[in-house]
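Work through the exercises below with the model open beside you. Try each task before you read its solution.

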Amino acid sequence: MARAAFLLLPLLAALCIAEPAVYYKEEFSDGDGWTQRWVESKHKSDYGKFKLSAGKFYGDSEKDKGLQTSQDARFYAMSSRFESFSNKDQTLVIQFSVKHEQNIDCGGGYVKLFPADLEQTEMHGESEYNIMFGPDICGPPTKKVHVIFQYKKKNLQINKDIRCKDDSFTHLYTLIVRPDNTYEVKIDNSKVESGSLEEDWDFLPPKKIKDPEAKKPDDWDERPKIDDPEDKKPEDWEKPEHIPDPDAVKPEDWDEEMDGEWEPPVIQNPDYKGEWKPRQIDNPDYKGKWIHPEMDNPEYTPDSTLYSYESFGVIGLDLWQVKSGTIFDNFLMTNDEKYAEEYGNETWGVTKEAEKKMKEQQDEEDRKKQEDEENKQKEEEPQEEEDDDEEEKEEEKEEEEEEDEETPQKDEL
Ligand SMILES: *[C@@H]1O[C@H](CO)[C@@H](O)[C@H](O)[C@H]1NC(C)=O
């Protein structure tokens, strides 16, 4: 007994506090170190440059340093390798932060996860990847979070619309893919979408299809109402729509020879009843709407491994940006949802408030500066105009004084 417990306890303990597997983590906290870990593609010669920066405002000048796009209207293509792994039988969490501090108009903010055999110096827009995840903005119509899975050589977009953040602050994006073929997307550590892979992407053809053999019978009556066969048009129904005005009188000075034969003007006939329509009754033969019978789709084969990829080995930023300035930071890939949430709390969660404050202060300073400049400009205006201004001001003053004089009079009443 005692011996069994002695053996079991460490095992239980180990199960309860199973260390999360961290496949990849990048915080850009070692100065230039990242330049050894990130490889720029040579597929094109004019990719935009990433630089290390915490941006114009931040919560922590060191911790918030990340990769920032630094040139407008460029493609960016850089990637980082890690020890390859498969997510078979494992949860997979992909997480990173994105800050569009430039008030982005059009540009990607997503990552691509590549199989280990990617040639990093050749990475480009068409390179085969496993998963693409993250925000994408292009004008007001496109503000979404991409979740794309590669399946049998096809890139499959999610069938739901997930809106991304479009402000200038740092936001945390998380994708969780579980071995039960469910998924979850979180923004700033809160769930924004979840469901089943099979339902929300077109991995597989539909389970059921309309039976091609089934046809609506010719005598299937889908009309809920019909004309009442008993109802007949009344004999006195037909009346002309227009009649000569019975009140019209031929003008006295009407000259038949000159003006032709007098005809009274035409008016709407008050007895006109319009087109006759038979009364409607319930159709005794009504069978309801015909529903096309469904059958199992012979093309459908279930796949319990939709979530699973043989190898992940490279994470890449393969983007187009019109206005640069986006900062990527705190990349994480792990098998542990809770750990990812904690890590998000300890990184994005710790600096977000201070970042907001600094931005607010800067906005306030900018506002003041602009005010001062406007005032200064007024002072620097040419002498003549200044005179005009002063004259105007004096006039205004006089007017005000006049008003002031009026007010007390009203009060006295
Ligand atoms: C992360 O922070 C939120 C908000 O403070 C908290 O509710 C949550 O429990 C934290 N998660 C973890 C795993 O620590």
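The exercises cover the ligand site, the largest pocket and the cavities.

This is a predicted model, in which local features need pLDDT of at least 70, side-chain atom pairs count only at pLDDT 80 or more, and totals for chains, interfaces and linings use all residues. Residues are numbered from 1 along each chain as its sequence is written, and side-chain values use heavy atoms, with hydrogens and water left out.

**Exercise 1.** List the residues around the ligand, then find polar side-chain atoms beside its nitrogen and oxygen atoms.

*Solution.*
- Step 1. Lys338, Glu341, Glu342 and Asn345 surround the ligand (a heavy atom within 4 Å of it).
- Step 2. Sort them by class: no nonpolar, 1 polar and 3 charged residues. Here Ala, Val, Leu, Ile, Met, Phe, Trp, Tyr, Cys and Pro count as nonpolar, Asp, Glu, Lys and Arg as charged, and the others, Gly among them, as polar.
- Step 3. Glu341 places a polar side-chain atom 2.8 Å from a nitrogen atom of the ligand. For Asn345, a polar side-chain atom is 2.3 Å from a ligand oxygen atom.
- Step 4. Of the 360 Å² of accessible area that the ligand has on its own, the protein covers 41% (Shrake-Rupley method, 1.4 Å probe).

**Exercise 2.** Describe the lining of the largest pocket.

*Solution.*
- Step 1. A pocket is an open set of points on a 1 Å grid over the protein atoms alone, with protein on both sides within 12 Å along at least five of seven lines; a cavity is a set where a 1.4 Å probe fits but cannot get out; lining residues have an atom within 4 Å of a point.
- Step 2. The lining has 14 residues, and Asn130, Gln150, Ser308, Tyr309 and Glu310 lie nearest the centre.
- Step 3. By class, 4 are nonpolar, 5 polar and 5 charged.

**Exercise 3.** How many cavities of 30 Å³ or more are there, and which residues line the second largest cavity?

*Solution.*
- Step 1. The count is 2.
- Step 2. Val98, His100, Lys165, Asp167, Phe169, His171 and Tyr173 line the second largest cavity. Strand 6 and strand 12 each give two or more residues to this lining (strands are DSSP runs of E, at least two residues, numbered from the N terminus).

**Exercise 4.** Is His171 buried or exposed?

*Solution.*
- Step 1. Locate His171 in strand 12, residues 170-177.
- Step 2. His171 has a relative accessible area of 8%, so His171 is buried (under 20%, with a 1.4 Å probe and protein chains only).
- Step 3. The C-alpha atoms of His171 and Val98 are 5.4 Å apart, though 73 residues separate them along the chain.

Note on methods. Polar contact = N/O pair within 3.5 Å; in protein donor to acceptor, adjacent residues only side chain to side chain. Helix = DSSP H or I, 4+ residues; strand = E, 2+ residues; numbered from the N terminus. Buried < 20%, exposed > 50% of the residue type's maximum accessible area, 1.4 Å probe, protein only. Points joined across faces, edges and corners; volume = space filled by probe spheres on them.
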